[in-house]
Amino acid sequence: MSTSQWPLAAVCQMTATPDKAANFSACTQLVEEAKERGAAMVFLPEGFDYIGSSREETLSLSEPLTGDTITQYCQLARNLGIWLSLGGFHERGHNWGSDRRIYNSHIIIDKQGQIVSVYRKSHLFDVELPEKGVSLKESAFTIPGPSLVPSVQTPIGKVGLGICYDLRFPELSLALQRDGAQILTYPSAFTVATGRAHWEVGVINDC
């Protein structure tokens, strides 16, 4: 258990596959361990539910918010009494029956197992890097979210929601900061080549 005076947040990483049951099992173990260590809130990555091996598989595995996957995570949060940030859920769009398109959704669940916020990714990632073998076109099957959502008051502070490529657009961060966000989140599932172009790891030494 944590003896810190500050609420503890757990940031968890896992390797998602197309096997949703296996992914849920892996995430459950991470969340349970975080709870045992005293975390008040757990952050899971983009694509925590699954990473499809093709566009068709990605679409076929998607679900609405009321589907089994989010229902299981709501139960997990309630059973453990912990807040969850689900960093990038493949949510079927409102016109799924006619257009078969999805949202990339960041979901916050409180410790009672209630969904308190859903942000749908605004900036979709399209890139062609033939020399690196990278060809991605998120816009081919994903609907851009219509707007930002208000920052969410959580046990660890007020959290502003973004996803992955959103980090390249500083206006989003500034708007969330003006809304009172104390923590900005960008759960991401970059490729190696694109990740190196977006992230720079720094070390902060205490003075």
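**Exercise 1. Determine whether Arg100 is buried, partly exposed or exposed, and describe its backbone and its place in the chain.**

Solution. Step 1: the relative accessible area of Arg100 is 33%. Step 2: a residue is buried under 20% relative accessible area, exposed over 50%, and partly exposed in between, with a 1.4 Å probe and protein chains only. Arg100 is therefore partly exposed. Step 3: Arg100 is not a glycine, yet its phi is positive, at about 45°. Step 4: Arg100 sits in the loop between α4 (96-99) and β4 (102-109). Here helices (H or I, at least four residues) and strands (E, at least two) are DSSP runs, numbered from the N terminus.

The model is predicted: local features need pLDDT of at least 70, side-chain atom pairs count only at pLDDT 80 or more, and totals for chains, interfaces and linings use all residues. Residues are numbered from 1 along each chain as its sequence is written, and side-chain values use heavy atoms, with hydrogens and water left out.

**Exercise 2. Locate Cys164 and state whether it is buried or exposed.**

Solution. Step 1: Cys164 belongs to the loop between β9 (157-161) and α5 (170-178). Step 2: its relative accessible area is 5%, so Cys164 is buried. Step 3: Cys164 also has a positive phi, of about 50°, although it is not a glycine.

The loop between β9 and α5 also holds Leu167. Leu167 has a relative accessibility of 21% and therefore counts as partly exposed. From Leu167 to Tyr186 there are 19 residues in sequence, and the C-alpha to C-alpha distance is 6.5 Å.

**Exercise 3. Describe how helices α1 and α3 pack, and list the residues that meet.**

Solution. Step 1: two packed helices are described by the angle between their axes and the distance between the axes. Step 2: for α1 (residues 20-36) and α3 (residues 68-80), the angle is about 20° and the axes are 11 Å apart. The axes are lines fitted to C-alpha atoms, for helices over the stretch in contact, and angles run from 0 to 180 degrees between N-to-C directions. Step 3: angles under 35 degrees count as roughly parallel, over 145 as roughly antiparallel, 65 to 115 as roughly perpendicular and the rest as oblique. The helices α1 and α3 are therefore roughly parallel to each other.

Step 4: on the α1 side, the residues that meet α3 are Lys20, Asn23, Phe24, Cys27, Thr28, Val31, Glu32 and Lys35. Their partners in α3 are Thr69, Gln72, Tyr73, Leu76 and Leu80. Contact means heavy atoms within 4.5 Å. Step 5: sorted by class, this contact of α1 with α3 has six nonpolar, four polar and three charged residues. Ala, Val, Leu, Ile, Met, Phe, Trp, Tyr, Cys and Pro count as nonpolar, Asp, Glu, Lys and Arg as charged, and the others, Gly among them, as polar.

**Exercise 4. Identify the contacts of Lys20 beyond its neighbours within four places in sequence.**

Solution. Step 1: Lys20 is part of helix α1. With 23% relative accessibility, Lys20 counts as partly exposed. Step 2: apart from those neighbours, Lys20 is in contact with Asp49, Tyr50, Leu61, Glu63 and Thr69. Step 3: Lys20 and Thr69 are 49 residues apart in sequence, and their C-alpha atoms are 8.2 Å apart in space.

**Exercise 5. Place Ala9 and Ile115 in their strands and find what each touches.**

Solution. Step 1: Ala9 lies in strand β1 (residues 8-11), and its 35% relative accessibility makes it partly exposed. Step 2: beyond neighbours within four places in sequence, Ala9 is in contact with Met41, Phe43 and Ile156. Ala9 and Ile156 are 147 residues apart along the chain, with their C-alpha atoms separated by 6.8 Å.

Step 3: Ile115 lies in strand β5 (residues 115-120) and is partly exposed, with a relative accessible area of 34%. Step 4: not counting residues up to four places away in sequence, Ile115 touches Ile70, Cys74, Ile107, Ile108 and Ile109.

**Exercise 6. State how many helices and strands the protein chain has, and what share of its residues is buried.**

Solution. Step 1: the protein chain has six helices and 10 strands. Step 2: of its 207 residues, 46% count as buried.
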